[in-house]
Amino acid sequence: MKRTTISVAVLLFVSLAACKKDNDKKATCRISTITQTSSGDNTIQNITYNNDGRISTMTTSGDFGSTKVFTYNGNTVIVITTGNDGDFNSRDSITLDAKRKPLNIRQFHNEDGDNWTNYSFEYNGDDLQKFHQTNENGTSPQTSVATYQNGNMMSLQTGNGTATLEYFTDKKVQPGDYLELASLIQYGVSVYPHKNLVKTIAEGSTILNFNYEFNADGTISKVTATSGGTVSSLTYQYQCN
């Protein structure tokens, strides 16, 4: 089975609608539907949450659709993904620290559990410092190193090159931020801590530019990503309570 690797420049795209406030009480709104539009095709992801406000399930439409089930037990998150036919796709085991930052992520690529990729994380305070990638073959770890400025990850150097990032420094990070959403729908937690909305991710000759649109209440309604001549959009629908 093809391995899934962590990358700052890879993600699906989403759909969002406004949520209402209850008089003076500010509602808690979470993304419930993500609609990705790319090259005229739509992919829809529906998300449900548990009583703690953490992702419980996520279903993805289409011929290559899938269902993810998130289970939480203490400081461990288990994510099991199956295809439309119910067959095993992958299993992820995530160990968290007291602040719910990932300390270790192990991706199992087969049901037997003997084909896996592991990531172990190190932090400097709340900032990601580096992570180490290993697999079942026992090869030497591949280390990726992050640099931070003012709470935002500015670069990530991996064995394949260096990704650099820019942010909208006047806009605080919130649900629907591209970088946060990428890992949240994969693992149920944020992998790359940052304080502002990501504006640009550049890796080699690939440059992703992000533009955000907002609802009247300030929540993100849409993200448009542009890379060369390719334009994709994510639109969000929210569940508020």
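**The disulfide, the core and the strand hairpin**

In the predicted model, C240 is partly exposed, with a relative accessible area of 27%. C240 is joined to C29 by a disulfide, with an S to S distance of 2.1 Å. The search of the whole structure finds 1 disulfide. This pair links distant parts of the chain, as C29 belongs to strand β1 (residues 29-38) and C240 to strand β16 (residues 230-240), 211 residues apart. The link of C29 and C240 is right-handed, with 110 degrees about the S-S bond. The two cysteines fall into separate burial classes: C29 has a relative accessible area of 16% and is therefore buried, the limit being under 20%, whereas C240, at 27%, is partly exposed.

The largest nonpolar core comprises 46 residues. Within this core, the residues with the most contacts are V198, F210, Y212 and Y236. The element that gives the most to the core is helix α1 (residues 178-187), with 5 residues. Helix α1 is mostly covered, and 7 of its 10 residues are buried. The buried positions of the helix are Y178, L179, L181, A182, S183, I185 and Y187. At the N-terminal end, α1 is capped by D177, where a side-chain oxygen is 3.2 Å from the backbone nitrogen of L179. L179 is itself one of the buried residues of α1. Just after the helix, G188 adopts a positive phi of about 80 degrees.

Strands β6, β7 and β8 were examined next. Strand β6 (residues 88-96) and strand β7 (residues 102-108) are paired in the antiparallel sense over 6 bridges. These two strands form a hairpin with 5 residues between them. In the turn of this hairpin, R100 has a positive phi of about 65 degrees. Strand β7 also pairs with strand β8 (residues 116-124), again in the antiparallel sense, here over 5 bridges. R106 of β7 takes part in both registers: S93 stands opposite R106, and R106 in turn stands opposite N118 in β8. In a regular strand, side chains alternate between the two faces of the sheet.

Strand β10 (residues 142-149) contains S144. S144 has a relative accessible area of 6% and is buried, because burial requires a value under 20%. Apart from its neighbours within four places in sequence, S144 is in contact with Q129, K130 and F131. Its contacts also include L156, Q157 and T158.

Positive phi values also occur in loops, at residues other than glycine. The loop between β10 and β11 (152-158) holds N150, whose phi is near 55 degrees. N150 has a relative accessibility of 64%, and therefore counts as exposed, the class for values over 50%. S39 lies in the loop between β1 and β2 (41-49) and has a positive phi near 55 degrees. At 68% relative accessibility, S39 likewise counts as exposed. S144 in strand β10 is buried at 6%, whereas N150, in the loop that follows β10, is exposed at 64%.

Definitions and conventions:
Residues numbered from 1 in each chain as written. Predicted model: local features only at pLDDT ≥ 70, side-chain atom pairs only at ≥ 80, totals over all residues. Heavy atoms only, no water. Core = buried A, V, L, I, M, F, W, Y, C linked by side-chain atoms within 4.5 Å. Buried < 20%, exposed > 50% of the residue type's maximum accessible area, 1.4 Å probe, protein only. Helix = DSSP H or I, 4+ residues; strand = E, 2+ residues; numbered from the N terminus. Contact = heavy atoms within 4.5 Å. Disulfide = S-S within 2.5 Å. Pairing = 2+ DSSP bridges. Polar contact = N/O pair within 3.5 Å; in protein donor to acceptor, adjacent residues only side chain to side chain.
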